[in-house]
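The exercises below are to be worked with the sequence and the coordinates at hand. Each task is followed by a solution in steps.

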Amino acid sequence: MNKIIEYNKKFSTILGIYGINNELRKQHFFTQLWHESKLNPISENMNYSATRLLQVFPKYFNKINVSGYANIPKKIGSRVYANRMGNGDEASGDGFLFRGRGFIQLTGRNNYILLSKDTRIDFIKNPDLLLDVTNSIIASAWFWQKNGLNALADKNDMKAVRKVVNGGYIGLKECEIIFKEVSKIIKWKTQ
């Protein structure tokens, strides 16, 4: 968790721009980033076996079509993210191109377009820019602000914060544990 101490200090100006400017907001912000990526910018893998595809994405795969996708990340991503979040159809390849990246896993052409417009960094032409630590902090803070997470953090509503970041409550218990540790670090460094 030393990265939290480092990044809290190193990126305080960026966090401030996006309103992540008090202990509680920073505690929630870094809790979610730590849970999602351990503060290592990552790209969504999308490499699943046939068995896992049927378990994780039953809406998109069945026993008839799964063998044509198993262990082919580009095809899998293009299918599961097709025709949503501003992505084109499966043939466009948008689903794979605009798969989750960064600390919070920004996903979908629409998010990449809005992020690029607001930050003036061209993530559309080069989505892998989100794998840079500074760009990943910017994208995470941008997502945080755009989705009203400062207000939820101010209410200390971990469940609501998790729902926005994750789309559900997967990892909520782990986030509650991480939050306790992050709170000690942030308080200690801000005093």
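**Exercise 1. Three salt bridges**

Task: Decide whether D128 is buried, partly exposed or exposed, then find which residue forms a salt bridge with D128, and treat the pairs of R109 and D154 likewise.

Solution. The model is a predicted one.

Step 1. D128 has a relative accessibility of 39%. Buried means under 20% and exposed means over 50%, with partly exposed in between, so D128 counts as partly exposed.

Step 2. The partner of D128 is R101, and the closest N and O atoms of this salt bridge are 2.8 Å apart. R101 has a relative accessible area of 4% and is therefore buried.

Step 3. D128 is placed in the loop between α7 and α8, while R101 belongs to strand β2 (residues 101–102), so the salt bridge ties together parts 27 residues apart in sequence.

Step 4. R109 pairs with D94, with 3.1 Å between the closest N and O atoms. Helix α7 holds R109 and helix α6 (residues 94–97) holds D94, so this pair ties together parts that are 15 residues apart in sequence. R109 is partly exposed at 24% relative accessibility, whereas D94 is buried at 8%.

Step 5. D154 and R25 form a salt bridge whose closest N and O atoms are 2.7 Å apart. This pair links distant parts of the chain, with D154 in helix α9, R25 in helix α3 and the two positions 129 residues apart. D154 is partly exposed, with a relative accessible area of 38%, and R25 is buried at 16%.

Step 6. A search of the whole structure gives seven salt bridges, including that of D154 with R25.

**Exercise 2. The nonpolar cores**

Task: State how many residues the largest nonpolar core has, which element gives the largest share of this core, and which residues W144 touches.

Solution.

Step 1. The largest nonpolar core consists of 37 residues, and I4, F29, F30, L39 and W144 have the most contacts inside it.

Step 2. Two or more residues of this core come from each of α1 (2–10), α2 (12–17), α3 (23–37), α7 (109–119), α8 (133–146), α9 (149–154), α10 and α11 (172–190). Helix α8 supplies the largest share, seven residues.

Step 3. Leaving out residues up to four places away in sequence, W144 touches I20, R25, H28, F29, Q32, L149, N150, A153, V161 and V165. Among them is R25, the salt-bridge partner of D154.

Step 4. A second core, separate from this one, has 13 residues, including M46, Y69, I76 and V80.

**Exercise 3. The largest pocket and helix α10**

Task: Give the volume of the largest pocket, find which helix gives the most to its lining, and list the buried residues of α10.

Solution.

Step 1. The largest pocket encloses about 580 Å³ of space. Its lining is made by 16 residues, of which E36, Y81, Q105, V165 and N166 are the closest to the centre.

Step 2. By class, the lining divides into nine nonpolar, five polar and two charged residues.

Step 3. Helix α10 (residues 158–166) gives the most to the lining, with three residues.

Step 4. In α10 the buried residues are M158, A160, V161, R162 and V165. As a general point, residues three or four places apart in an α-helix point the same way, because there are 3.6 residues a turn.

Step 5. G167 follows α10 and has a positive phi, near 85°.

**Exercise 4. Positive phi in loops, and L54**

Task: State where N71 and N156 lie, and which residues L54 touches.

Solution.

Step 1. N71 lies in the loop between α4 and α5 (73–80). Its phi is positive, near 60°, in a residue other than glycine.

Step 2. N156 is found in the loop between α9 and α10. Phi of N156 is also positive, about 55°, although this residue is not a glycine. At 42% relative accessibility, N156 is partly exposed.

Step 3. L54 sits in helix α4 (residues 50–56) and is partly exposed, with a relative accessible area of 29%.

Step 4. Not counting residues up to four places away in sequence, L54 touches F61, N62, K63 and V66.

Step 5. L54 and L39 are 15 residues apart along the chain, and 30 Å separates their C-alpha atoms. L39 is one of the residues with the most contacts inside the largest nonpolar core.

Key. Residues are numbered from 1 along each chain as its sequence is written. This is a predicted model: local features need pLDDT of at least 70, side-chain atom pairs count only at pLDDT 80 or more; totals for chains, interfaces and linings use all residues. Side-chain values use heavy atoms; hydrogens and water are left out. On a 1 Å grid over the protein atoms alone, a cavity is a set of points where a 1.4 Å probe fits but cannot get out, and a pocket is an open set with protein on both sides within 12 Å along at least five of seven lines; lining residues have an atom within 4 Å of a point. Grid points are joined across faces, edges and corners, and a volume is the space filled by probe spheres set on the points. Helices (H or I, at least four residues) and strands (E, at least two) are DSSP runs, numbered from the N terminus. Ala, Val, Leu, Ile, Met, Phe, Trp, Tyr, Cys and Pro count as nonpolar, Asp, Glu, Lys and Arg as charged, and the others, Gly among them, as polar. A nonpolar core is a set of buried Ala, Val, Leu, Ile, Met, Phe, Trp, Tyr and Cys residues joined through side-chain atoms within 4.5 Å. Buried means under 20% relative accessible area, exposed over 50%, partly exposed in between (1.4 Å probe, protein chains only). Contact means heavy atoms within 4.5 Å. A salt bridge is a side-chain nitrogen of Lys or Arg within 4 Å of a carboxyl oxygen of Asp or Glu.
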